[in-house]
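The following note is offered to a colleague who is meeting this structure for the first time. Its points concern charged pairs and nonpolar packing.

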Amino acid sequence: MPERFYITTPIYYPNAEPHLGHFYTTLCADAVARYRRLIGDEVWFLTGTDWHGIKMVKSAAAAGVSPHELAAKNDQSFFDCWKEFGFTFDDYIRTSEPRHKESVQEIVRRMQASGDIYLGAYEGWYDEGQEEFITETEAKDAEFKSKISGKPLMRYRESTYFFKLAKYVDAVYRAIESDQLLVRPAARKNEVLSKLKGWNQDLSISRATLKWGIPMPGDAEHVLYVWIDALSNYITALGYGSDDESKFKRFWPVDVHMIGKEIMWFHTVYWPAMLLSLGIALPKQVYAHGWWTSEGKKMGKSLGNFIDLDRLRSTASKYSLDALRYYALRAAPFGNDLDWNEGDFSKSFNELADVLGNCLNRVINMTGRYRDGKVPAAGELVDSDRALLDQAKRLPVQLADAYARLALHECATLPIELARATNGYIEATAPFKLAKDPAQAGRLDTILNSSAQAMKIALSAMLPILPGKALEGLRQLNVPVEGKTLAQLTDEPLAAGHVIGPGAPLFPKIDVK
Ligand code: MSP
């Protein structure tokens, strides 16, 4: 049964160009969206940009431009890059759009109607880079500096509207604890639960001293707190609160909010509480991936280890975009922190070239040389053939399980393991020796057939990870992909007499340091 599947990325601050961190989250969501489409699901994949708040105002002031100019310029860069990198989002929302602003105001009006908003005064600490309120204890523990940027926390003292967050704490706690709202990885779930236990504060949701934001309904002196504005994007983009809520009805609740670990609290506490206030179903899952460092250190412009857009582009143009995708997805067990480094990059590139590319090449070349490019019919199977074909048959099942758990590193490496097994099988059965002995023709047929079947399955399983190269490999195997589901691609064996080739290296060797 085809399912509906809705996946989102955070909406990024367009205060600078995208870098490895933004690329990675979008890539993870893209791989999952591609897999879901490949198994026949109806997918909605949303990304976009978050224009408002003090961080945007400060970055703009530093650059000597208006917040709107800064946002518009960098937003274009995000959009163009995501297109250039081939990400398959279905919608891209900017919080500056009328469809968003109008719907956010409707959301706040509905929260007001639930009796959940009141006027009061806030006094406390604020992390302007993170756009986050910090409790007294947390501020003290962090020596009144941001845990993320290290910059001093700001003391805020002003009149503000509050959202009755405390009213929803128990319900949110229960939803997370029971996995009704799945928070992953499990360690992050425990972190959120321990911070949430006994939480009794409401949330300041407006700023009277800021002009750059969406006006508070009923009080134009205030703009909305940027996180209320931003989190709402996940439903405003579906038309919630507008005249046409059909998309919202079709795709909500969201299957996965893919985020980085530093914005867990907003997504697992503020957002569910807002949804409860609106009487809307909670997200099914929030998955927080880890953070990238570079060559063992925090990425920093001044440190010269910053993996910026230029670096992403030059890597993609040198090694191929798909090699970059594979590298990032296999760099660590999904959810853990990751480190960008040359040594690991070359190891990962060699897996693609020496295992996947090389094996495909061998299969195509041997079939060309010994059987005029036609896949021969298999004869009687022996144990080694069966072992390979069984592994190939298990792959789609293992993959389904890995994608369900969002173990994205396994999603990337499981098909490579099948290619590695196929390579090993070819080494062990030595078709190049059998070819010299006419009495072994039947055995040779079986080996050529089995390895071609296995490679077709490995490449099909790799389509969400290496969309260009896997397609190219399947083209070399003369397998049409258009309109086919993964089950069709893996279950229909290559028929006897199916012509394959010509081959060409999928990942031409590059002088990797
Ligand atoms: N605008 C908010 C999100 C609002 S969502 C309703 C925001 N924007 S951001 O531009 O700062 O992007 C944060 C996201 O970028 C992180 O959650 C993560 O997805 C990604 N990354 C930014 N730097 C990163 C690393 N160094 N490593 C991995 N990903 C990180 O927060």
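1. Arginine 157 is exposed in this predicted model, since its relative accessible area of 60% lies above the 50% cut-off for that class. Its side chain takes part in a salt bridge with glutamate 123, in which the closest N and O atoms are 2.9 Å apart. Glutamate 123 belongs to strand 4 and arginine 157 to strand 6, and the pair links distant parts of the chain, 34 residues apart.

2. Glutamate 123 has another salt-bridge partner to consider, arginine 155, with an N to O distance of 3.2 Å. Glutamate 123 is in strand 4 (residues 117-127) and arginine 155 is in strand 6 (residues 154-163), so this salt bridge ties together parts that are 32 residues apart in sequence.

3. How exposed is glutamate 123? With a relative accessible area of 45%, glutamate 123 is classed as partly exposed. Arginine 155 is likewise partly exposed, at 33%. Both values fall between the limits of 20% for buried and 50% for exposed residues.

4. A salt bridge within a helix is found between glutamate 417 and arginine 420, whose side chains meet at 3.3 Å, N to O. The two residues are three apart in helix 16 (residues 408-429), and therefore about one helical turn separates them. Glutamate 417 is partly exposed, with a relative accessible area of 35%, and arginine 420 is also partly exposed, at 37%.

5. Salt bridges may also share partners, and in this way Glu106, Arg109, Arg110 and Glu245 are joined into one network. Side chains of opposite charge can pair when their charged atoms come close. In total, the structure holds 37 salt bridges.

6. The nonpolar packing deserves separate attention. The largest nonpolar core comprises 101 residues, and Trp82, Trp292 and Ile465 are those with the most contacts inside it. Which helix gives the most to this core? That helix is helix 14 (residues 342-371), with 12 residues.

7. Isoleucine 465 may be examined individually. Leaving aside residues up to four places away in sequence, isoleucine 465 touches Ala31, Arg325, Tyr326, Leu329, Tyr403, Cys411 and Ala412.

8. A second core, separate from the largest one, has 76 residues. Among them are Ile54, Leu70, Met216 and Ala273.

Note on methods: Residues numbered from 1 in each chain as written. Predicted model: local features only at pLDDT ≥ 70, side-chain atom pairs only at ≥ 80, totals over all residues. Heavy atoms only, no water. Salt bridge = Lys/Arg side-chain N within 4 Å of Asp/Glu carboxyl O. Helix = DSSP H or I, 4+ residues; strand = E, 2+ residues; numbered from the N terminus. Buried < 20%, exposed > 50% of the residue type's maximum accessible area, 1.4 Å probe, protein only. Core = buried A, V, L, I, M, F, W, Y, C linked by side-chain atoms within 4.5 Å. Contact = heavy atoms within 4.5 Å.
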